[in-house]
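Subject: The model we talked about

Hi,

Here is the structure I promised to pass on, with my notes below it. Have it open while you read, and tell me if anything is unclear.

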Amino acid sequence: MTQSRSTRQPQPRLTHPLRQAWTQVVRTARRTTADGLVVGTSGNVSARVGDTVLVTPSGVPYDRLGPRDAVAVDLDGQQVLGTLKPTSELPMHLAVYRETDAEAVVHTHAVHATAVSTLVDELPAIHYMTAALGGPVRVAPYALYGTDELADAMIEALRDRSGCLLRNHGTVVHGATLDQAFDRTAQLEWMCRVWLTAASVPGRTPTLIPRDELRRAADKLSGYGQPG
């Protein structure tokens, strides 16, 4: 009697572009733990290749991930590669790819950013790098992790921005590459730390950067770095 294959899980089979993307996903996920942006497996990372999204699996330490552990879904969330279960935050990642032109997403539970998410509705413009994220970073209202409700709240907070805070939860940042998404995540955590430090001085109120100056900074940052 032949066993039905209708419930067989997809098997790992990486094409060259997907293999390269998976390598970058794992490398970036390991950077989030090395830099203290997540503890254990609390964050997640993804990259888009065409209509395929490579994403870290649920509950697996990043230092244990290898090429045979690759996980990928299509834009509808159907698993097309791998046998490990995708991250529980998959709805957030897919929402970003459906609603923006992002090619990479990094989600963390960074300490200072999470602390700020419990205090304000928007991170004050404490530094000109606010402009690198599109403007003052909004805080999405709290919703249970892994839900469509959280994904919807995140998308609203990301409007015209490349990063946001999730109340009592952490950060979501996207970019054209994983390196860019990670760098923006690190900058966001740093700005949260600066604001918390300045705001904690008794009797003093931090000065903030006016919106006109943020626009000037955004224009200058657009030409930052080496040409090409």
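Which residues are linked in a network of salt bridges? The network takes in R27, R31, D179 and D183. Please keep in mind that this is a predicted model.

**Confidence**

The average pLDDT over the protein chain is 92, and 92% of the residues score at least 70. Residues 1–8 are a stretch to treat with care: their pLDDT is below 50, and in the model they make zero contacts beyond near neighbours in sequence. Where pLDDT is low, predicted coordinates should not be read in detail.

**What the record says**

An unreviewed UniProt entry annotates residues 23–196 as "domain: Class II aldolase/adducin N-terminal". In the model, that range is 33% helix and 19% strand, and its end C-alpha atoms are 35 Å apart.

**Salt bridges**

Side chains of opposite charge can pair when their charged atoms come close. The count of salt bridges comes to nine.

One of them joins the side chains of R31 and D179, at 3.6 Å from N to O. R31 sits in helix α1 (residues 16–34) and D179 in helix α5 (residues 178–199), so this pair ties together parts that are 148 residues apart in sequence. Both partners are partly exposed: R31 has a relative accessibility of 26%, and D179 has 35%.

A second one pairs D51 with R48, at 3.5 Å from N to O. D51 is exposed, with a relative accessible area of 54%. R48 belongs to strand β1 (residues 44–49). Leaving aside neighbours within four places in sequence, R48 is in contact with V53, L75, Y97, A102 and E103. As for D183 from the network above, its C-alpha is 18 Å from that of R48, and the two are 135 residues apart in sequence.

A third salt bridge is formed by the side chains of R215 and D212, at 2.1 Å from N to O. These two are three residues apart in helix α6 (residues 211–221), so about one helical turn separates them. An α-helix has 3.6 residues a turn, so residues three or four places apart point the same way.

**Buried parts**

Is T52 buried or exposed? T52 is buried, because its relative accessible area of 19% is under the 20% cut-off. You will find T52 in strand β2 (residues 52–55). Apart from neighbours within four places in sequence, T52 contacts L18, A47, A72, V73 and V80.

Helix α2 (residues 90–99) is also worth a look. Seven of its 10 residues are buried, so the helix is largely enclosed by the rest of the structure. The buried ones in α2 are L90, M92, H93, L94, A95, V96 and Y97. Y97 is also one of the contacts of R48.

**Around H112**

H112 is part of helix α3 (residues 111–117). With a relative accessibility of 25%, H112 counts as partly exposed. Not counting residues up to four places away in sequence, H112 touches E189, C192, R193 and L196. From H112 to D51 the C-alpha distance is 34 Å, with their positions 61 residues apart in sequence.

**Surface and loops**

Which residues make the nonpolar surface patch of about 360 Å²? Y142, L144 and Y145 do. Y142 is in the loop between β6 (139–140) and α4 (148–157).

Two residues have a positive phi without being glycine. For D160, phi is near 65 degrees; for N168, phi is about 55 degrees. D160 falls in the loop between α4 and β7 (163–166) and is exposed, at 62% relative accessible area. N168 is found in the loop between β7 and β8 (170–175) and is partly exposed, at 48%.

If you want a place to begin, try the network of R27, R31, D179 and D183, then move on to the buried residues of helix α2.

Happy browsing, and do write back with questions.

Best wishes

Key. Residues numbered from 1 in each chain as written. Predicted model: local features only at pLDDT ≥ 70, side-chain atom pairs only at ≥ 80, totals over all residues. Heavy atoms only, no water. Helix = DSSP H or I, 4+ residues; strand = E, 2+ residues; numbered from the N terminus. Buried < 20%, exposed > 50% of the residue type's maximum accessible area, 1.4 Å probe, protein only. Contact = heavy atoms within 4.5 Å. pLDDT = per-residue confidence, 0-100. Patch = residues over 30% accessible without salt bridge, like charges linked within 9 Å, V, L, I, M, F, W, Y side chains within 5 Å. Areas by Shrake-Rupley, 256 points an atom, 1.4 Å probe, with all protein chains shown as cover. Salt bridge = Lys/Arg side-chain N within 4 Å of Asp/Glu carboxyl O. UniProt positions renumbered as here; feature names shortened; annotations may be inferred.
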